[in-house]
Amino acid sequence: MLLCALSIFGIVALIATELVMGSQLTWHQFGMSFFSWGETPLIDILKAFSDPTATQPNYWDPVNGHFSALPFVYGTLVSSILALLMAVPLAIGLAVFLTEMCPGVLRGPLAFVTELLAAIPSVIYGLWAVFVLVPLMREYVNPLLIKTLGWTGFFNDANPTGLGFLSAGVILAIMILPIISSLTREVMSAVPHSQREAVLALGATRWEMIRMGVLRNARIGIVGAVILGLGRALGETMAVTMVVGNTAEIHRSLLANGASMASVIANEYGEASSELHFSALTEIGLALFIVTIIVNALARLLVWAVTRGAPARAT
Amino acid sequence: MAKGNKIRERMRAVTDHVATGLAVLSTFLVVAPLVAIFVYLVYKGASSLNLAFFTEIPKPEGESGGGMANGILGSGVLLGVASCIGIPIGIGGGIFLAEFGRGTKLANAIRFTADVLNGVPSIVMGVAAYALIVKPQNHIIPFSGHFSAFSGGVALGIMMIPTVCRTTEEMLLMVPHAVREAALALGVPNWRSVLSITVKTASPGIITGCMLAFARVAGETAPLIFTALGNQFWSASLDRPIAALPLQIYVYALSPYDDLHRLAWGGALVLIVLIVLAVSLVRFVAGRGVLKGAS
Amino acid sequence: MGVGIEVTNLNAWYGANHTLQDINLNIPANHATALIGPSGCGKSTFVRCLNRMHETNPIARVTGTVRIGDLDIYEDAKPVEIRRRVGMVFQRPNPFPTMSIYDNVAAGLKLNGYSNRRVLDEIVEKSLKNSALWDEVKDDLKKKSGASLSGGQQQRLCIARALAVDPEVLLMDEPASALDPVSTSKIEDLIFQLKTQYTIVIVTHNMQQAARVAEKTGFFLNGRMVEFDSTHKIFTNPSDKRTEDYITGRFG
């Protein structure tokens, strides 16, 4: 039994070892510049960032053996942040509704629905996104955004396919919403009833009671839930790969095509053309591994601090 | 000293209503995509599910008809391998955490690590499995040196371990103390017997925990892309690339052929039915309080 | 200044459970009134009907009239208004752990729109003095959290918090039952002082406590109010045999 339990440590060690060993080549060759602009002049990057017509620097060049993961880091960050911006308010709203406002008879079915959302595999989200979401974005949402917000420079469309950072952000938001919401509900439920009563007895409205008596007490755990959602978004592969456009470029426009760290691995790992290429992809995998571990550990600590060590759901 | 400011009171009441409205709106916005997805899946998928779907392999590109039977078979093989790895080790770990290590620092560390491991992207598992099994050309690791069903199964199995471990632990912790005490009071001699009573009591929960892990892993695609690779034809061999349902869905969705799209929807429907069944069952077992009675 | 409370034909239910039956009494202004009785007899439910906290339970129902001063609290006002005018202190102290001592006391004030720093400072100081906590915490008002105090101090903090919004009535549901004897006697001294400014209703399991602090006492049994009279009479010469049995400890 002990051995079985220790296997958990073994697995982590195994993965870490394989990833580190596999990235040696690119690590020795490029060092930290692998994740930044390396030899490409920063000015070129910024120019290409703002101007859709400017030529993009060739960040990821398997043919010439020159690799920079910058566009993938950018893509991962942009899509994840977009997803958080959309998902967090909705997730907290749902959690508040379910814990404090929902009539008892609806609570079970709604909680079940949220659980189902969490259980849908990534590839099915991707499938739906490709055939329903992307055309929707292309036909209705994107043109509207370009018309109303195009002046900000964040919404212009060099190639109107409906793929891109925004679409990836939307499908990611739908995917991380259930976990943020469930965990928020958990920490909200952990707030003792006496706190709610204390606020009500002072003559507070229901919303004031929720704000001061529940959310305020649970805020550390809610932050943890959000960070956990971030962790999930960072590593999400299939749905993003199918929707983000798979172009190793950095654009300011949220409607532009891009790529994420997970998507480039999914696309290229099986057919990498050289040892260096392999190593570059493995190094991206290593970065993903480390980042998600840190983010998840931080999130779990925060949630644990509020719910005091009750065994957390392994979702 | 009551401020009695009528305007302020109105504002507070309005804020309360607005907050309620926003919460309801959020709920609606969350439920809506789910309903949309399910409805669309059923609508698109049901029409492509015919006998051929479950019995035939895909036709060469361009030809219509065919099915995803090889994907279903392949997923079965992969999940079989994964379960052989994931379930025994996971349950063993869970038993340790609940029965022997309870409260110890080691157990806490393992539990924490398992939770964190659950958050690692599945594609990283695939990369590790690739580096471990597919890439090296040696004779230590079975089936190494090429894409294989075995490597895919291992990747999935490793993903199952933390999940099964934690759900097993949770289920064991829910066994009422009275059950353990009764066993001890009977003078049951050694830890093994006590264990078998506790485990037996918790077994419905443990089984459903395994089902949950199984269902979760059944839908995984990323780790299979460069381990199991996929296969156009019938294959159940561990030593060769193998088809898998989610993998086929991915490939077909991105292909330019309508026929393959149709198959993708069908496959998605099959997958989602499996998962909904598993989730519902888990809820049913947990809700019924199966562990309340000591029998 | 406190006001009197007039209760007429009050009945309360939790679902199908008829918790309070035909309660009638007049609670005098600026006095302390004690409610005694065995566990589960309905005293806590009764008190919660006085500030409409009973309603926070979705299966709760109330009929009858409760007038506080000249206001019918069920017909003429909303719960939010009532609860500002009728404060409550609970059995287990429940200060807000994420807020400082200052913010705890000011919580009710901020809800009601007070934002002027000087005004808040004044009211916080006055409330803490009224609850005999000022000297102990005046140097740590904003540094310490509400939960870092001892049990007795926390309860006094809760009293200060309730007093800060200037209620007319203060309801206390077994306020000292979770405290040690020293803290308990401090709370009792407090009640003595407070009743000159507020109307106090105190639920207590402790008959000696009722005898010490209250002018009038009501004895509850099985959801009914058996006897309501001056404390002296209840404890020396009760009219009802059931009261006498409870006082002398024949059941409890």
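**Exercise 1.** In this predicted model, find the bridge partner of Ile68(C) in E5(C), and then work out which strands stand at the edges of the sheet.

*Solution.* Begin with the residue pair: Ile68(C) has Leu71(C) as its bridge partner in E5(C). Next, place this bridge in its strands, where E4 of chain C, covering residues 60–68, pairs with E5(C) in the antiparallel sense over two bridges. Then widen the view to the open sheet of four strands in chain C, whose order is E2-E1-E4-E5 and whose pairing is antiparallel. Finally, strands E2 (17–27) and E5 (71–72) of chain C each have a single partner strand, so they stand at the edges, and one side of each is left without a neighbour in the sheet.

**Exercise 2.** Describe the side of chain B that touches chain A, and state which helix gives the most to it.

*Solution.* Start with the contacts, in which 75 residues of chain B meet 66 residues of chain A. Several helices of chain B supply at least two residues each to this side, among them H3 (69–100), H6 (149–173) and H10 (258–288). H1(B) gives the most, with 18 residues. By class, the side of chain B that touches chain A has 52 nonpolar, 15 polar and eight charged residues.

**Exercise 3.** Identify which residues touch the most other members of the largest nonpolar core, and explain where this core lies with respect to domain 1 and domain 2 of chain B.

*Solution.* Among the 274 residues of the core, Ile171(A) and Val243(A) touch the most other members. The largest share, 17 residues, comes from helix H4 of chain A, residues 70–101. Because domain 1 (6–34) and domain 2 (53–288) of chain B both give residues to this core, it lies between them. As a last step, take Ile171(A): leaving aside neighbours within four places in sequence, its contacts are Tyr125(A), Ala129(A), Leu133(A), Ala239(A) and Val243(A).

Definitions and conventions:
Residues numbered from 1 in each chain as written. Chains lettered and ligands numbered in written order. Predicted model: local features only at pLDDT ≥ 70, side-chain atom pairs only at ≥ 80, totals over all residues. Pairing = 2+ DSSP bridges. Contact = placed C-beta atoms within 7 Å. Nonpolar A, V, L, I, M, F, W, Y, C, P; charged D, E, K, R; others polar. Core = buried A, V, L, I, M, F, W, Y, C linked by C-beta atoms within 7 Å. Buried ≥ 20, exposed ≤ 12 C-beta atoms within 10 Å, placed from the backbone. Domains from an automatic or database assignment.
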